[in-house]
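Me: Please take a close look at the nonpolar interior of this protein, and tell me which residues make it up and how it sits within the chain as a whole.

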Amino acid sequence: MTLVLDSHHTAGAAFDTMAADYDDLFTFSIVGRAQRNVVWNRAAQTFVAGNRVLELNCGTGEDAIFLARRDINVTACDASGKMIEHAKARKALEAPDDSIEFHVLATEHLNELPEQPLFDGVFSNFSGLNCVADLRAVSRELAAHLRPGAKLLLCLSTRFCLWEILHYAVKGNFRKAARRWRGRSLAHIDQCFFPTYYPTIRSLRRSFEPEFKLRSVIGVGISTPPSYLEAWIAKHPHLLAAMKYFDEAVCDLPLFRAIGDHMLLTMEKV
């Protein structure tokens with residue numbers, strides 16, 4: 001049976017189906033770790049001990065645990081109940097004394113977040129916001145939960161991923177090579193299909209104004225390949241090291257920052 005999910009569901013039910021395997025497939029993979037380290041380096045520069053950070057689309061809690069170990073108080077949300085179950089289990093084993101509070105909550109439903117003091121920042125990693133149709137509404141809701149000067153650190157899939165274009169074009173699958181170009185496609189996990197959106201840097205700036213100002217953008221996974229090439233890159237560790245060095249050198253250049261697997265935006269509440 002094929003289940004097509006609307007954008008208001010934010011793909012929560014789809015990600016329920018892969019929650020048990022997500023860490024093995026991506027979190028602990030070579031590619032996943034290489035891309036996540038880039039994001040973590042920027043997160044360590046953005047948030048400081050004592051901050052209160054709202055994490056969107058937290059998945060299995062890998063980033064929440066990283067932040068909490070830096071004495072950051074994390075309120076972590078995800079639309080997938082199964083992902084939150086795994087996140088809670090990981091916290092109990094890996095970070096039982098750290099300050100992390102988990103909620104099953106879709107990004108579109110931030111108005112249902114339990115009342116608490118204003119946050120010092122927001123963090124969303126690896127494409128969770130690509131499952132949200134109306135980022136303008138998200139911007140307005142986030143602004144109500146943040147103090148002035150609060151930082152947003154948002155990692156989204158790009159519209160033009162050079163690796164993906166070349167990989168599928170070589171295989172003759174031109175439809176898949178160009179699947180992001182129109183800004184919207186139908187993604188699927190097992191038999192669950194859901195709409196996925198690919199905003200540009202310009203459209204993201206417009207969506208988050210006037211509440212937030214865009215401060216910087218860097219590319220993530222420019223020459224480092226996407227996760228579906230894990231088996232290939234695992235055989236070439238020296239090549240991967242060179243790729244990571246190249247990415248670090250060019251990640252903030254205007255062209256390169258928009259053609260990687262992901263882009264990482266830093267915004268600030270006005």
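Reply: Helices and strands here are DSSP runs, of at least four residues for a helix and at least two for a strand, numbered from the N terminus. In this predicted model, the protein chain holds 11 helices and 10 strands. Its radius of gyration is 18 Å, close to the 18 Å that the globule rule gives for 270 residues, so the chain is as compact as a globular protein of that length. Buried residues account for 54% of those 270 residues, and among contacts between residues at least 6 apart in sequence, 75% join residues at least 24 apart.

Turning to the interior itself, the largest nonpolar core comprises 42 residues, and those with the most contacts inside it are Phe 47, Leu 67, Val 74, Ile 100, Phe 102 and Phe 123. Helix 4, spanning residues 62–68, gives the most to this core, contributing 5 residues. Val 74 serves as a close-up: leaving aside residues up to four places away in sequence, Val 74 touches Ala 64, Leu 67 and Ala 68, as well as Val 53, Glu 55, Ser 99, Ile 100 and Glu 101. Two of these partners, Leu 67 and Ile 100, are themselves listed with Val 74 among the residues that have the most contacts inside the core. Apart from this core lies another, of 28 residues, which includes Leu 105, Leu 214, Val 217 and Leu 265.

As for the outside, the protein chain exposes about 12,700 Å², of which carbon and sulfur atoms supply 55%.

Key:
Residues numbered from 1 in each chain as written. Predicted model: local features only at pLDDT ≥ 70, side-chain atom pairs only at ≥ 80, totals over all residues. Heavy atoms only, no water. Rg over C-alpha atoms; globule rule 2.2 N^0.38 Å. Buried < 20%, exposed > 50% of the residue type's maximum accessible area, 1.4 Å probe, protein only. Contact = heavy atoms within 4.5 Å. Areas by Shrake-Rupley, 256 points an atom, 1.4 Å probe, with all protein chains shown as cover. Core = buried A, V, L, I, M, F, W, Y, C linked by side-chain atoms within 4.5 Å.
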